[in-house]
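Trainee: Got a minute to go through this model with me? I'd like to start with how the protein touches the DNA.

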Number of protein chains: 2
Amino acid sequence: MFTIDMQSRTPVFEQIVIQTEEFIRAGILNPGDKLPSVRELTGMIGVNPNTISKAYGELERRGITVSVTGKGCFIAKNITDVMKTAAEKKIPEFEKLAKELFESGISKDELIKKINSLNSNNIQLS
Amino acid sequence: MFTIDMQSRTPVFEQIVIQTEEFIRAGILNPGDKLPSVRELTGMIGVNPNTISKAYGELERRGITVSVTGKGCFIAKNITDVMKTAAEKKIPEFEKLAKELFESGISKDELIKKINSLNSNNIQLS
DNA sequence: TAACTGTACTATTACAGATAGTACAGTTTA
DNA sequence: TAAACTGTACTATCTGTAATAGTACAGTTA
């Protein structure tokens, strides 16, 4: 499930957060789904339980998961709204990057072409 | 000229690199232009000369500037090509971000609208 | 009760960014 | 020529963050 690159400059706990979000967008993880337990992931990835706990804490802080001691870590029921809201906060970042490429000599048409080529991998199960 | 945020998680030397690139795209810095000397910037920003030197070294490594001991640090003559090539390498990053926003519920139309609203700040002096 | 769940805490190691100080090689200018 | 400037190199040190190690605790499940 998770693919961790120990050589990456991106902290392990952050890689877990990022990949969890990617799995949600791809429809692999859905509302109410249970993530592997801290100790399961510890065994799978080969890192310290504290590192997993830190990732789960960050996911909960973002409203992406709900952790319950004794039960586990679950994808939030309102995950669709949470992801949409988070994405809207990233629009300025998108505009900044687009502006950078445009001012560097890449045409608007080429950028728009890239967007029109996007395909959703989201699988609707309901 | 340079605006450094000491509270930012982005290293100071990297902020200098990023802002230099921004000044070039905005037409504020042009081919052959001389950057402030290491010791001038040290005084302006209030950081260690080594930090400035590290930024200048990185700029030269990217082909953005040419440093000459005894003379100074200058914007490369072929800076337009260098910036275009660098931007092309960032297209996958652009596609990834666009895909993330799209899969999170932001429509293609909205993204395209943002691109069409872009205005170039580039000032042509020649 | 036993085995699981997430969480909290301290101590330690490792690494990157930044500072401090010094030194050197090359260029410009008076 | 000499002074003042330019970028660069080097070592030592400090700091903050990531990660590890080990232990412990509170709540849930079977």
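Trainee: What does the polar backbone atom of Gly70(B) sit 2.7 Å from?
Mentor: A base oxygen of DNA strand D. Keep in mind that this is a predicted model.

Trainee: OK, and which phosphate contacts to strand D come from chain A?
Mentor: Thr51(A) is one of them: an N or O atom of its side chain is 2.7 Å from a phosphate oxygen of DNA strand D. Lys54(A) also has a polar side-chain atom 3.1 Å from a phosphate oxygen of that strand.

Trainee: Which elements give two or more residues to the surface near DNA strand D?
Mentor: From chain A, α1 (12-25) and α3 do, and from chain B, α2 (38-46), α3, β1 (65-68) and β2 (72-75).

Trainee: How many residues are around strand D, and which come nearest?
Mentor: There are 27 around DNA strand D, and the nearest are Val12(A), Asn50(A), Thr51(A), Val38(B) and Gly70(B). By type, that surface has nine nonpolar, eleven polar and seven charged residues.

Trainee: And what share of the strand D atoms within 4 Å of the protein is sugar or phosphate?
Mentor: 63%, with bases making up the rest.

Trainee: Switching strands: which residues are closest to strand C?
Mentor: Val38(A), Gly70(A), Val12(B), Asn50(B) and Thr51(B), out of 26 residues that surround DNA strand C. Of the strand C atoms that come within 4 Å of the protein, sugar and phosphate account for 62%.

Trainee: What reaches the bases there?
Mentor: Gly70(A) has a backbone N or O atom 2.7 Å from a base oxygen of DNA strand C. From the other chain, an N or O atom in the Asn50(B) side chain is 2.8 Å from a base nitrogen of DNA strand C.

Trainee: Where does the side chain of Glu60(A) come in?
Mentor: One of its N or O atoms is 3.2 Å from a phosphate oxygen of DNA strand C.

Trainee: And the make-up of the surface near strand C?
Mentor: Nine nonpolar, eleven polar and six charged residues.

Trainee: New topic. What rotation puts chain B on chain A?
Mentor: A rotation of 180 degrees with 0.1 Å of shift along the axis, and the RMSD is 0.1 Å. The two copies are therefore related as by a two-fold rotation axis.

Trainee: Which C-alpha of chain B is nearest the axis?
Mentor: That of Ile112(B), 3.0 Å from the axis.

Trainee: What surface do the two copies use for each other?
Mentor: The same one serves both: 100% of the contact residues of chain B recur in chain A.

How values were computed. Residues are numbered from 1 along each chain as its sequence is written. Chains are lettered from A and ligands numbered from 1 in the order in which they are written. This is a predicted model: local features need pLDDT of at least 70, side-chain atom pairs count only at pLDDT 80 or more; totals for chains, interfaces and linings use all residues. Side-chain values use heavy atoms; hydrogens and water are left out. A residue is near a molecule or strand if one of its heavy atoms lies within 4 Å of it. A polar contact is a pair of N or O atoms within 3.5 Å; within protein, one must be able to donate a hydrogen and the other to accept it, and residues adjacent in sequence count only if both atoms are side-chain atoms. Ala, Val, Leu, Ile, Met, Phe, Trp, Tyr, Cys and Pro count as nonpolar, Asp, Glu, Lys and Arg as charged, and the others, Gly among them, as polar. Copies are superposed by least squares on the C-alpha atoms of residues with pLDDT of at least 70 in both. Contact means heavy atoms within 4.5 Å. Helices (H or I, at least four residues) and strands (E, at least two) are DSSP runs, numbered from the N terminus.
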